[in-house]
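Hi everyone, thanks for coming along. Let me put today's structure on the screen, and then we can walk through part of it together.

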Amino acid sequence: VTNMVTVTSQLRFGAATHKIEASEEPPEEAVTVQIQDVRGEGLTLDEASFELISDPALLVPEVPIDMYDPATVAEEWYPRMERLVLQHIPGATRVIVFDHLVRDKKRLSQGTAKGLTAPLSAVHGDYTHRSGVTRARQLLGPYAPDEEVDRALGSRFALVNVWHPLELVQSDPLALCLWGTFKPSHVQTQRLTFPHRVGETYIAHHSKDQQWAYFSEVDVSEAILIKTFDSVQDGDTARFSLHCAFEHPCLLYTSPSPRDS
């Protein structure tokens with residue numbers, strides 16, 4: 001990374017990604033790190049584990065979509081995301097959109113919409129080397145026989161988060177750790193038991209070797225692709241991402257609007 005624009009902020013390491021029993025809560029550590037603005041650096045999904053893309057045609061529909069209504073999002077927004085991923089990830093042949101979250105602290109505090117959550121400030125990975133495979137199998141299982149699922153998972157597949165702001169990002173931007181600067185010893189598996197399934201995420205621990213990045217002023221015509229799992233194991237290609245929301249020190253003085261993404 002060569003861009004010289006750098007900010008200093010605290011990131012929360014060792015924090016759980018979901019509420020669990022108090023006795024199982026891992027100890028948290030707030031660490032001050034440098035986070036570089038990598039807009040214009042040309043980082044790619046396979047190289048860095050994240051990538052900034054611009055696609056106004058798909059991301060800014062002529063007729064606005066109600067992003068706070070889950071049924072509308074599934075019907076009108078999901079097909080756009082399928083096309084977006086196919087167009088912007090080389091080699092992708094089929095895309096299945098299976099979930100989404102809307103993060104909006106203001107509406108969440110007001111209770112004006114259902115299914116909302118706040119930006120997640122704990123450094124984390126969405127899937128582990130094991131849960132990436134099991135989650136894909138869970139998602140494909142209802143739609144294909146076991147033999148077909150086995151064939152699909154026997155070839156390369158990936159889980160990708162399309163992070164899209166619903167307005168210009170003025171607070172809680174994403175901090176993303178560059179692939180190759182964190183190691184297996186920097187993560188810890190957190191097991192999650194839901195009523196319908198068991199999952200795993202990564203809790204992250206700080207290392208001075210880690211390099212952190214962000215994209216300044218991401219707007220509605222842009223999205224950040226975040227690789228949360230990749231089945232390829234060639235030693236070079238990014239397999240997953242560590243990331244979190246952070247407080248940008250410059251934005252704190254501008255009375256920014258809460259992030260809506």
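Which residue in S12 does Ala158 stand opposite? The residue opposite Ala158 is Asp230. A quick note on what you see: this is a predicted model, where local features need pLDDT of at least 70 and side-chain atom pairs count only at pLDDT 80 or more, while totals for chains, interfaces and linings use all residues. Residues are numbered from 1 along each chain as its sequence is written, and side-chain values use heavy atoms, with hydrogens and water left out.

Helices (H or I, at least four residues) and strands (E, at least two) are DSSP runs, numbered from the N terminus. Two strands pair if DSSP finds at least two bridges between them.

Now the sheet. Three strands make up an open, antiparallel sheet, in the order S3-S12-S7. S3 and S7 are the edge strands with a single partner each, so one side of each has no neighbour in the sheet.

S12, residues 222–230, shares 5 bridges with S3 (residues 50–54), and there Leu52 is partnered with Ile224. On S7, residues 158–163, 6 bridges lead to S12, and Leu159 has Phe229 as its bridge partner.

Why do we call S12 largely enclosed by the rest of the structure? Because 9 of its 9 residues are buried, meaning under 20% relative accessible area with a 1.4 Å probe, protein chains only.

Finally, meet helix H3, residues 70–88. Its buried residues, among them Trp77 and Leu84, pack against S3, helix H2 (56–59) and S7. Thanks for listening!

Key. Buried means under 20% relative accessible area, exposed over 50%, partly exposed in between (1.4 Å probe, protein chains only). The bend at a residue is the angle between axes fitted to the seven residues ending there and the seven starting there. Contact means heavy atoms within 4.5 Å.
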